[in-house]
Amino acid sequence: MEIIVCVKQVPDTTEVKIDPATNTLIRQGVPSIVNPFDRNAVEEALKLKDKHGGRVTVISMGPPQAKEALKECLAMGADEAILMSDRAFGGADTLATSRTLAAGIKKLGRYDVILCGKQAIDGDTAQVGPEIAEHLDIAQLTYVSKLEITDGIVRVEREHEEGYEVIETNLPVLVSVVKSINEPRYPSIKGTMKANRKEIPVWAAADVEVDLEKIGLKGSPTQVRRIFTPKQRVQGEIIQEDTPRAAVDRLLTKLNQAKII
């Protein structure tokens, strides 16, 4: 089974800061991590490989330092890694990003399953995975919390607000996963040493079949004009009374006055 996993290196959200003058993210000195949902996708790919055999290839679009994210995936057990990195890819929105990744996947050739995290924690759009499926003209299953493949039939449980849906389709397929699908393994020492020795190919725009007018900033119909930190909410009132009963009575009075109850 040929399995491809799309991963993204993102800023550690606990460390994100915004430049008040430019309203842009401050990335200098900010640690980067593998997008958490993508780690679940890698883990699910490795589980499929353990069960069905085959090969796991991880692919990412990003700056040269994104190699570190790919090395972590290799250390977890992925077989190959590809980095798509070129100034022409810069400034891409989700549509341009998905076009670039789809072009990279086409260059890789045959695939049975493409796995993605449900969304990246820095953008939270959940758009890239489904868009890749559209570019490749294959089935897509999103928000997947359970995945099984038997005799070429893919059966998943798909999470939503009121429960889950059971859906079946045929290979090839793109699947985006949620965190509850598994618990990602930690890279082993042996795997880390092997990953550090492995050469990661870097593909530029000239290495794939892609229209330069439809990638990067040029190919992005949406653009970020401004990033800002929302005003901090006013802290709630702490109710203190001599007895718990008195505190409850006062709370109920305030809720009634606010027409909450």
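This passage describes strand pairing, salt bridges and a nonpolar surface patch in a predicted model.

Three consecutive strands, S9, S10 and S11, were examined for their pairing. Strand S9 spans residues 139–150 and strand S10 spans residues 153–160, and the two run antiparallel to each other with 6 bridges between them. Within this pairing, Glu148 has Arg155 of S10 as its bridge partner. The connection between S9 and S10 is a hairpin with 2 intervening residues. Asp151, located in that turn, adopts a positive phi of about 50°. On the other side of the sequence, S10 pairs with strand S11 (residues 163–170), again in the antiparallel sense, and here 8 bridges are found. Val156 is matched with Ile167 of S11 as its bridge partner. The link from S10 to S11 is also a hairpin, and 2 residues make up the connection. In a regular strand, side chains alternate between the two faces of the sheet.

Salt bridges were considered next. Side chains of opposite charge can pair when their charged atoms come close. The model contains 15 salt bridges. One of them joins Glu43 to Arg185, with 2.7 Å between the closest N and O atoms. Glu43 belongs to helix H1, whereas Arg185 sits in the loop between strand S12 (173–177) and helix H5 (189–197), so this salt bridge ties together parts of the chain that are 142 residues apart in sequence. Helix H1 itself covers residues 36–52.

The two partners of this salt bridge were assigned to separate accessibility classes. Glu43 has a relative accessible area of 7% and is therefore buried, since the buried class lies under 20%. Arg185, with a relative accessible area of 28%, is partly exposed. Leaving aside residues up to four places away in sequence, Glu43 is in contact with Met76, Asn182, Glu183, Pro184 and Arg185.

A second salt bridge is formed by the side chains of Glu80 and Lys198, at an N to O distance of 3.6 Å. This pair also links distant parts of the chain, with 118 residues separating Glu80 in strand S7 (residues 80–84) from Lys198 in the loop between H5 and strand S13 (202–203). Glu80 is partly exposed, its relative accessible area being 30%. Lys198 is likewise partly exposed, at 28% relative accessibility.

A further salt bridge connects Arg250 with Glu241, and the closest N and O atoms of this pair are 3.2 Å apart. Arg250 is classed as partly exposed because its relative accessibility is 30%. Glu241 falls in the partly exposed class as well, at 37% relative accessibility. In addition to these pairs, a network is present in which Glu43, Asp50 and Arg185 are joined by salt bridges that share partners.

The surface was also examined for nonpolar patches. Val248, Leu252, Ile260 and Ile261 form such a patch, and their combined accessible area is about 370 Å². Ile260, one of the patch residues, is located in the segment that follows helix H6 (244–257). Ile260 is exposed, with a relative accessibility of 59%, because the exposed class begins over 50%.

Notes:
Residues numbered from 1 in each chain as written. Predicted model: local features only at pLDDT ≥ 70, side-chain atom pairs only at ≥ 80, totals over all residues. Heavy atoms only, no water. Patch = residues over 30% accessible without salt bridge, like charges linked within 9 Å, V, L, I, M, F, W, Y side chains within 5 Å. Areas by Shrake-Rupley, 256 points an atom, 1.4 Å probe, with all protein chains shown as cover. Salt bridge = Lys/Arg side-chain N within 4 Å of Asp/Glu carboxyl O. Helix = DSSP H or I, 4+ residues; strand = E, 2+ residues; numbered from the N terminus. Buried < 20%, exposed > 50% of the residue type's maximum accessible area, 1.4 Å probe, protein only. Contact = heavy atoms within 4.5 Å. Pairing = 2+ DSSP bridges.
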